[in-house]
Amino acid sequence: MQSTYLPPSAFSARAAIPDMDAYHALCAHAERDYEGYWGMQARANLDWQVPFTRVLDESEAPFYRWFGDGRLNVSYNCLDRHIERGLGGKTAIIFEADDGAFSHVTYSGLHARVCRIANGLRARGVGKGDRVVIYMAMSVEGVAAMLACARIGATHSVVFGGFSAKALQERIADAGACVVITQDEQLRGGKRLPLKSIVDEALALGGCGSVKHVVVYQRTGGGVTHVSDRDIWLHDLMADQPERCEPEWVGAEHPLFILYTSGSTGTPKGVQHASGGYLLWAALTMKWTFDIKPDDVYWCTADIGWVTGHSYIAYGPTAVGATQVIFEGVPTYPDAGRFWQTIERHGVSIFYTAPTAIRSLIKASDMDPAVHPTNYDLSTLRLLGSVGEPINPEAWLWYHRQVGGERCPVVDTFWQTETGGHMITPLPGATPLVPGSCTLALPGIMAAVVDEAGQDVPDGQGGILVVKRPWPSMIRTIWNNPKRYQASYFPEELGGALYLAGDGAIRDKDTGYFTITGRIDDVLNVSGHRMGTMEIESALVAHPLVAEAAVVGKPDDTTGESICAFVVLKKDRPGGADATALAQELRNWVAKEIGPIAKPREVRFGDNLPKTRSGKIMRRLLRVLAQGGVVTQDVSTLENPAILDQLAKAV
Ligand code: PRX
């Protein structure tokens, strides 16, 4: 029997969901009256300009509609309603800059900024349904730009600032954006990195004729090229704009944003989220999973370029009127005590980060005891969260003991870009915790483990993670590609009605707790960043010397997985220094094609790849080789078994 950690009684006493009885009561309500349950939540947690009369429309399943005839505005729910209730002077954002300077922005101040950006965009003809790409680093302006789009009904697509010009261009073109909002440069770990010049490069690649304006936030004052009639400084766009802006009231199903993420095949998918259902879940999970209270100081270390930064920075915390820290920098600058120092400095009470960051800070504090969390006053912390990848029990225990002083529950939140918000997670005041398990599905989320035919498997037996009923914050479609939406998430093999998460899972026989066993498709998770093997392979074969490539993940103590690429060249296989140099060139090439996060850790060259007689690459063998193992599996179907010896050797 694994150790369990019970919620501290003082925590439960104040918690939104104080015990398992309350949790089961909510689950039972959802089971008994699914629409009644969700309708009640949507009325209780959001302000509607026009109330909805219908909760769920399944007539075009799996294209579900939630609260379809209701009207609302997301930015109104995140800003105005708090101010109307007297919270205008409350700090919305504590911005902690890379260099350690910090500033506070109140809800009224954020509202004014959002309205001025919204008015500036409107003045340039941007309105309901237009797409705006945001390519910015962590900043108040980045969040304000997202909320400004929501205010005028424009659909934003945030592209992570680490993506290359080519990756940015593909996203701008697919979204058909009319405006790109960016900044001159970003500051990370004391370094200045360009953003605006990458936008220039992306637009020069072509296919972006839809873009009429590039709005540039001046962060560093670094020199940028100015294209007249196209480029405008954010401060000029905002100048003379009033601090009030009438919200665009939109239907609940209006697309709030598109966020590109990797799938197992083809190009990145534009995951499209709706307004009402998405915001409902962002707000409600802030209350349930994070047990947010008016006096909390909340800090999520994610980037707005990922879904965590959407739901748990831009929208969730503001929807519930919370005070949050927004951090521009990196965990290791000026030293690896930065997270703990920032928690101490701002009195953070709820902290949400990724296992990769925890693992790297464990290593750093082993090497330099001065940056160990126990050197800092972390007594304000009351809750810790983890997201993006499985958290191994060792990292969980260190987080719980060394950061949380054994008094803070740890919520291991399982969810995805497509799910919009948390799906399977402990409730900090109720759920007994088991390190390494994300425990139970939230009330109303009908998660299950099934076999390849879509039939339930018994607890204790691993299978495929699915969700049996639609839920309000789910993906609505893949932008420009509804067929791919249906095929990827509601495959016929599972009967066409189950949402396929793409992960394997197993439920504990005694507790019913879920443990996620990892992706069941060709998606890698490197430092919590999701990447498709196909995307990296396509980038490699775009290099003039590469004939063929296969990419697999290799387990890594810090980053979860690392990328290992097997490459066949159009010319002879290189050796010695030539191989090392070419491997480095290919790594840099991938960084340029996709972004530095997609760089293979290792590149190996072979005369061929292991293939079946029908020509299929046998990736499972490559996975064994990448880990330095010896292939013991049956290789009788292999066309060219001799190739394994060659590929077993690293460069
Ligand atoms: O494999 C799961 C893993 O991350 C995938 C989703 O990645 P993305 O859409 O980028 O969203 C990340 C932030 C929500 C999932 O399919 N994953 C996410 N959270 C966990 C996890 N795996 C295990 N445990 C988690 N808590």
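This note goes through one sheet, two buried residues and one annotated span of the predicted model.

1. Residues are numbered from 1 along each chain as its sequence is written. Because the model is predicted, local features need pLDDT of at least 70 and side-chain atom pairs count only at pLDDT 80 or more, while totals for chains, interfaces and linings use all residues, and side-chain values use heavy atoms, with hydrogens and water left out.

2. An open sheet of seven strands has the order β5-β4-β17-β16-β18-β19-β20, with mixed pairing (strands are DSSP runs of E, at least two residues, and helices of H or I, at least four, numbered from the N terminus; two strands pair if DSSP finds at least two bridges between them). The edges are β5 (102-106) and β20 (410-413), each with a single partner strand, so one side of each is left without a neighbour in the sheet.

3. Within this sheet, β16 (residues 297-300) and β17 (residues 323-327) run parallel and are joined by three bridges, and tyrosine 298 has glutamine 324 in β17 as its bridge partner.

4. Histidine 111 lies in helix α5 (residues 107-123) and is buried at a relative accessible area of 10% (buried means under 20%, exposed over 50%, partly exposed in between, with a 1.4 Å probe and protein chains only). Leaving aside neighbours within four places in sequence, histidine 111 is in contact (heavy atoms within 4.5 Å) with residues including Arg151 and Glu243.

5. Tryptophan 398, in helix α14 (residues 393-403), is also buried, at 12% relative accessibility.

6. UniProt lists residues 535-616 as "domain: AMP-binding enzyme C-terminal" in an unreviewed entry, and such annotations may be inferred rather than shown by experiment. This span is 30% helix and 32% strand.
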